[in-house]
Amino acid sequence: MPTSPRQQTPATLVVSLGRPDAAPDAPLNVPIVLTSAFHAGGPLGYSRFSNPTWEALEETIGHLEGGRALTFASGMGAVSAVLDLVPVGGVVVAPSHSYSGTASRLRDLDVSGRIVLRLVAIDDPEAVAGACEGAAMLWWETPTNPGLEICDIAAATAAAIAHGVTTVCDNTFATPLAQRPLEFGVDIVVHSATKALSGHSDVLLGAVVTNDDSLFDSLHRARTLIGAIPGPFEAWLALRGIRTLALRLRQSQASAITLATRLQAHPGVTRVRYPGLPGDPGYALASRQMTGYGTIVSFETTGNADDAESVCRRTALILHATSLGGVETTMERRRRWPQESVDIPETLIRLSVGIEDVEDLWADLSSALNSIT
Ligand SMILES: *Cc1c(COP(=O)(O)O)cnc(C)c1O
């Protein structure tokens, strides 16, 4: 008897979920279904409503998070569909600094009068609870991008429930293998599947997950009518990438703690944030609510923005590029983007740790840092 998917561990589920039913000569992998329309009489009808290739990916992400998933054309497509749930003029509580795309979208919606934005220190549970009164939605990411602050998911959810506020957690940095917000009672999980879920820096894709049927129906309707749908090829690439998620995370997380520890001791570095460092302000909380600390490390260099930029330019193996979560290690100074929050220090470098040998990574990074000391 095959065991049911629910009894398997996440490291197995990333391999076993989202496959066609077994039958003689049935393919092991879902095909890339390139069609705009389906023969009449079935549940699909038209490829803006659903598509078998997306459904295989949605089954996989949904099971891993413990809910039902919908995939979108990008993380921002998913973010925007969720923000569309807020009634006109509704209050949205959000982190004072977070992923710059989400932060910019929230600001635009506030300026146009579509929502009222209330910013809060997301790593301060009392401030979060205090901001919930009269709000329609409490939005957070944890760990935050790129500050790596940790939001207390249980405390934030309890405060939101007490005030009837819809909760949203952007789980991009943790992935469902390290953190499962729906188990804490969070209403909606958002992902940029562009990052670790796909894992190869070759696709843009987003996802939302919920176990509330009415929220699911609203989000499905929003996706169908706004049209921010994924391409079947992108969904197939993401599913192919997810197969190795557990292996990639294991390697990248092990390297991340090693690099974070060594960065702390380097004279070219003034501060390191990584929730897996025992001295990190988020360590105790992250240890309670996460089963891994993720693959992203932020550090500040000595000197000024030019010094930090020169470190980014001097690595050879580590690629100087934006985005994160790929098999290849990348880094960038976040304030090179004008839309990045001014709360983020000028010399902060966000390092996305890939799967290369950690000694090769350290040799590259430390030699680049030596140039500014
Ligand atoms: C990248 C990112 C997004 C946006 O995703 P895209 O796929 O680039 O649209 C949203 N949230 C976080 C935390 C991200 O890192």
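Trainee: Which residues are linked with Glu332 in a network of salt bridges?

Mentor: Keep in mind that this is a predicted model. Start with one pair: glutamate 332 forms a salt bridge with arginine 350, and their closest N and O atoms are 3.1 Å apart. That pair links distant parts of the chain, with glutamate 332 in strand β11 and arginine 350 in strand β12, 18 residues apart. The network joins Glu332 with Arg334, Arg336, Glu340 and Arg350.

Trainee: Is glutamate 332 buried or exposed, and at what relative accessibility?

Mentor: Buried means under 20% relative accessible area. Its salt-bridge partner, arginine 350, falls below that cut-off and is buried at 4%. Glutamate 332 counts as buried too, and its relative accessibility is 0%.

Trainee: How many bridges pair β11 with β12?

Mentor: Take a look at residues 330–333 for β11 and 348–352 for β12. One spot to find is methionine 331, whose bridge partner in β12 is leucine 351. The two strands pair in the antiparallel sense, and the number of bridges is four.

Trainee: Which residue forms a salt bridge with glutamate 346?

Mentor: Look in the loop between β11 and β12, which holds both members of the pair, so the bridge ties together parts that are 11 residues apart in sequence. Glutamate 346 is partly exposed, with a relative accessible area of 38%. The closest N and O atoms are 3.4 Å apart, and the partner is arginine 335.

Trainee: Which strands stand at the edges of the open sheet?

Mentor: The sheet has five strands with mixed pairing, in the order β8-β9-β12-β11-β10. An edge strand here has a single partner strand, so one side of it is left without a neighbour in the sheet. The strands that fit are β8 (269–273) and β10 (319–320).

Trainee: What angle does helix α11 make with β11?

Mentor: Helix α11 covers residues 305–314 and lies across β9, β10, β11 and β12. Helix α12 (residues 358–370) also packs on the sheet, touching β8, β9, β11 and β12, and its direction makes about 15° with that of β9. For α11 against β11, the angle is about 160°.

Trainee: How far apart are the closest N and O atoms of aspartate 280 and arginine 273?

Mentor: Side chains of opposite charge can pair when their charged atoms come close. Here aspartate 280 is buried at 7% relative accessible area, and arginine 273 is buried at 9%. They form a salt bridge, and the closest N and O atoms are apart by 2.9 Å.

Trainee: Why is strand β1 described as largely enclosed by the rest of the structure?

Mentor: Strand β1 covers residues 68–72, and it pairs in the antiparallel sense with β7 (residues 206–210) over five bridges. Within that pairing, threonine 71 stands opposite alanine 207. The strand is largely enclosed because, of its five residues, the number buried is four.

Trainee: Which residues is serine 74 in contact with, leaving aside its neighbours within four places in sequence?

Mentor: Serine 74 sits in the loop between β1 and α3. This residue is buried, with a relative accessible area of 17%. Beyond its sequence neighbours, its contacts are Leu204, Leu205 and Gly206.

Trainee: What accessible area do Ile32, Leu34 and Phe233 have together?

Mentor: Isoleucine 32 lies in the loop between α1 and α2, and it counts as partly exposed at 31% relative accessibility. With Leu34 and Phe233, Ile32 forms a nonpolar patch on the surface, and their area together is about 300 Å².

Conventions: Residues numbered from 1 in each chain as written. Predicted model: local features only at pLDDT ≥ 70, side-chain atom pairs only at ≥ 80, totals over all residues. Heavy atoms only, no water. Buried < 20%, exposed > 50% of the residue type's maximum accessible area, 1.4 Å probe, protein only. Pairing = 2+ DSSP bridges. Contact = heavy atoms within 4.5 Å. Axes fitted to C-alpha atoms, helices over the stretch in contact; angles between N-to-C directions. Patch = residues over 30% accessible without salt bridge, like charges linked within 9 Å, V, L, I, M, F, W, Y side chains within 5 Å. Areas by Shrake-Rupley, 256 points an atom, 1.4 Å probe, with all protein chains shown as cover. Salt bridge = Lys/Arg side-chain N within 4 Å of Asp/Glu carboxyl O.
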